[in-house]
Protein chains: 2
Amino acid sequence: MPSPIESVLTAAREFLGERLSCAEADRALHGHGQDPYPPVPPAAVAFAENTEEVSRLLALCHAQGVPVTPFTAGTALGGHVTPVHGGISLDLSRMDKVLAINADDLDARVEAGVKHRALAEILKEKGLFFPVDPGSDSSLGGMCATRASGTATVLYGTVRDNVLGLTVVLADGRVIHPGRRVRKSATGYDLTRLFIGSEGTLGVITEIQIRLRALPAAVSAAVCQFPTLADAVNTVIAVQQASIPVARSELMDEVEMGACIGYSGLEGFQALPTLFFEFHGASPRSVQEQAEATGAIAAAHGGSGFAWATAAEERARLWKARYDGFWAGQSLIPGCTALSTDAVVPISRLAEMILGAKEDIRASGMTAPIVGHAGEGNFHALILLPPGDAQAQEQAEILDRKIVARAMALGGSCSGEHGIGLGKMEFMREEHGEDALDVMRAIKHALDPRGILNPGKMLPDKEGVLLSGKENQESFIL
Amino acid sequence: MPSPIESVLTAAREFLGERLSCAEADRALHGHGQDPYPPVPPAAVAFAENTEEVSRLLALCHAQGVPVTPFTAGTALGGHVTPVHGGISLDLSRMDKVLAINADDLDARVEAGVKHRALAEILKEKGLFFPVDPGSDSSLGGMCATRASGTATVLYGTVRDNVLGLTVVLADGRVIHPGRRVRKSATGYDLTRLFIGSEGTLGVITEIQIRLRALPAAVSAAVCQFPTLADAVNTVIAVQQASIPVARSELMDEVEMGACIGYSGLEGFQALPTLFFEFHGASPRSVQEQAEATGAIAAAHGGSGFAWATAAEERARLWKARYDGFWAGQSLIPGCTALSTDAVVPISRLAEMILGAKEDIRASGMTAPIVGHAGEGNFHALILLPPGDAQAQEQAEILDRKIVARAMALGGSCSGEHGIGLGKMEFMREEHGEDALDVMRAIKHALDPRGILNPGKMLPDKEGVLLSGKENQESFIL
């Protein structure tokens, strides 16, 4: 009598062939994302090439109660892709086709494995862009699964606001297509938004209908430095409150800026708290107007060197430094890894929040440069972990918890954009309350009654209620 | 042995007192909204004044299996508020307090009974506005329940995009608070968006945390008339495709414009297809830029008399005519009522759609002026029903179905903003497919296992699966 996992593998091999791999290298690669948690290799990796294959695989896993954890770019920071209960890692990275681009309706349909930088290149040629750009080169499927955002969220919103519809494979293999190619619809429960941010626990997203924008006719970038972090943060707050439609509004503290100057060769800047702005407009006049209004606010807060660049190369240089901030930060301690905090507060509390976080960092004795999507009240402290320092990992987790607790106390949320995965499960109860968690559990149970989809993630178990199939864990690891 | 409904009424009277009414006038008023469907009076009307009362009432109804249908402004067009299975009509109109306005964070918290025009007056004094403005003076609770939009959706989005969080009473009386006062969050299932648009079938929304905007520093309106409807629609399409950030972009056909000229005394205009635009900007220069770019596109499509008005009084006069369009249309046949169609298509199909709808109207021999939130591809034909003409009602429903079917065939949705209620249930299967409907049913069952919340709405019954508590219908009508 074959075990459940053996039954699934035998049946799946019939249609996946070589694309069902038990090779150690594949299993090791799919045992973790970009996270600091212990890796768990899956029993096997399935490389699906279309929705039909995902459907057939899920039907098999559902029938046998075998866990399935979706994996695409593997860039999740919170342990989302780690198959903690073994089973199958479902790799969608080969589903990387842009299926349709409708310039007339400003929308497109892509497979879940399309990565956002490749998509940006394709769209650029048509004068279009998709405004959600997380720091890593994530897949669109992963971005939907984690409700991702990025540097332009302050103007254009998150993935939630820029997806029109999905193709989703349900736990038992049924395929649904929530949403349509329309800008709004008032017909039934918003399943599109339910799957967005569900981190692979309710269904597997295989296709995405995205909303596009025309590339702005005029773009300008500006960088401004401040004597204190409070001045920089207060400038962001004032710009938001003045309703200047900045497209990007990014903060670096003096530690991060120092790292960037070294790492990216940013000349002419000092290791001071710094804001990076970008303005989009229909004409040079309109971006000039925005830049001037922002510059005036910055000057009133002691900002200096508010220089704006409309030349594409100069803008690219400045923004590359910002995008490389993760690596620049890590360059401060050679060979280190990093734990990235992620919290968000109402913007009026952002100065208090970040100054508090700086206090926490100081008290911990650790190095943790801060970058922030400040326009939405979202920021990250990049807690550096010296190589091979087990104690540092523990200290980092304590510091992370302290910063998150501070954000929650200010009316914030424990994750602005990285999601829950394994890392933030402990905050779910405080953030949502037990009754709302029970609603989420009821939905999870309704859609995935056998608990096969990314088990052990997002929803903390309730005493006596088993959602994650833990009882079967052993049998799903070959 | 008291019946279930008698048990509920006896227990509820203890905390609601006189605010639990069985008076015929109250019951009659709560038997329908602004819809053409047969009214059904509830057994009683409960006027709740706070979340606690809603919670206690729902706990009672849940225990006894008694239907509860929320009712606030009573402006729903699709039969949403008709208690088709009797039971209690839960009136939230007395929960009309604005609980907090945070100008610093551009958000506010309101009770479900606050109406959007009263809210607009309060916010205006603080230089703020909430950008969702349905044609009728709906309540914020009702707007959330139906995923409402309005004339400014093309720039600012629907209720879905402008609500940060909710207070919701679940079927069994538990109270949850999905969402927080932050601009984005990636923590758990998006319950806020699940309840938005659920039409009172999953829970009762009692408080809403809304996102606000600062009143634009500069506003300008423009009206432009076209020789043909195709020219007008193609202008809207071209303006959208040029990514001009118009705040409002409204269409009237020649029938509706003729009615408006008479009804609102709009001098200087002809009964021609007409577009109403509004532009919002940070400066007069920025709105001028938008208006000029739009005017150029209109001229290229044969538009004439593109006149833009920055004076508040002149703008108010033009927009009042647009807002009065519903009444103006009805003035074409004295004493008539109207069935308002509501469909939405991808904008590239809008000309084809509206010209097709005009064909359908002509073939029907009925009078049906067209107005449209054309910027999002959404439009309404106001099918006029001469007083006491039963045949006209039937013809109107046939015409409505024809127009909706046309929209669906063009990749559209059967409702852009009015919602499903009773009127659009027949299109749910075609729009979503049976598997997606099953997901909705599973969610409904998970959150409202006894089917007490607004039964008989939105989700069509599946053969053999009873969701609506129909078997008990008789016992819930006193």
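In what order do the five strands of the open sheet of chain B stand? The order is β5-β6-β10-β8-β9, with antiparallel pairing; the sheet is described further below.

## Model and confidence

This is a predicted model, in which local features need pLDDT of at least 70 and side-chain atom pairs count only at pLDDT 80 or more, while totals for chains, interfaces and linings use all residues. Residues are numbered from 1 along each chain as its sequence is written, and chains are lettered from A and ligands numbered from 1 in the order in which they are written.

The model has an ipTM of 0.95 and a pTM of 0.96. For chain A the mean pLDDT (the predictor's confidence in each residue, from 0 to 100) is 93, and 97% of the residues reach 70 or more. In residues 464-473 of chain A the pLDDT falls below 50. Beyond near neighbours in sequence, that stretch makes 23 contacts in the model, a contact being two residues whose C-beta atoms, placed from the backbone, lie within 7 Å.

## Symmetry and the chain interface

A turn of 180° with a shift of 0.0 Å along the axis lays chain B on chain A at an RMSD of 0.0 Å. The superposition is by least squares on the C-alpha atoms of residues with pLDDT of at least 70 in both copies. The two copies are thus related as by a two-fold rotation axis. Both use the same surface, since 100% of the contact residues of chain B recur in chain A.

The interface brings 74 residues of chain B into contact with 75 residues of chain A. On the chain B side, at least two residues each come from α7 (191-195), β11 (213-214), α10 (284-300), α15 (425-432) and α16 (434-447). Helices (H or I, at least four residues) and strands (E, at least two) are DSSP runs numbered from the N terminus. The largest share of this side, nine residues, belongs to α16(B). By class, the side of chain B that touches chain A has 27 nonpolar, 28 polar and 19 charged residues. Here Ala, Val, Leu, Ile, Met, Phe, Trp, Tyr, Cys and Pro count as nonpolar, Asp, Glu, Lys and Arg as charged, and the others, Gly among them, as polar.

## B:A446 in helix α16

Helix α16 of chain B includes B:A446. This residue has 17 C-beta neighbours inside 10 Å and therefore counts as partly exposed; the scale is buried at 20 or more other C-beta atoms within 10 Å, exposed at 12 or fewer, and partly exposed in between, with C-beta atoms placed from the backbone.

Neighbours within four places in sequence aside, B:A446 is in contact with A:A442, A:I443, A:H445 and A:A446. In its own chain, B:A446 lies 9.2 Å from B:L202, C-alpha to C-alpha, across 244 residues of sequence.

## Domains of chain A

Chain A is assigned domain 1 (4-91), domain 2 (98-214), domain 3 (218-327), domain 4 (333-421) and domain 5 (426-471), with bounds from an automatic or database domain assignment. The centres of domain 3 and domain 4 of chain A, taken over C-alpha atoms, are 22 Å apart.

Their contact takes 18 residues from domain 3 and 16 residues from domain 4 of chain A. On the domain 3 side, α8 (229-241), β13 (248-252), α9 (254-264) and α12 (325-330) of chain A each supply at least two residues. The largest share there, seven residues, is that of α8(A). This side has 11 nonpolar, four polar and three charged residues.

## The five-stranded sheet

Strands β5 (98-102) and β9 (175-176) of chain B are at the edges of the sheet, each with a single partner strand, so one side of each has no neighbour in the sheet. Strands pair if DSSP finds at least two bridges between them. Four bridges join β5(B) to the antiparallel strand β6 (residues 107-111) of chain B, and B:I101 stands opposite B:A108 in β6(B).

In chain A, eight of the eight residues of β10 (residues 204-211) are buried. Antiparallel pairing links β10(A) to β6 (residues 107-111) of chain A over five bridges, with A:R211 as the bridge partner of A:D107. Six bridges, also antiparallel, link β10(A) to β8 (residues 163-169) of chain A, where A:I210 is the partner of A:V163.

## Helix α9 of chain B

Eight of the 11 residues of α9 (residues 254-264) of chain B are buried, so the helix is largely enclosed by the rest of the structure. The buried residues of α9(B) pack against β13 (248-252), β14 (274-281), α11 (312-323), α12 (325-330) and β18 (370-373) of chain B. After α9(B) comes B:G265, with a positive phi near 60°.
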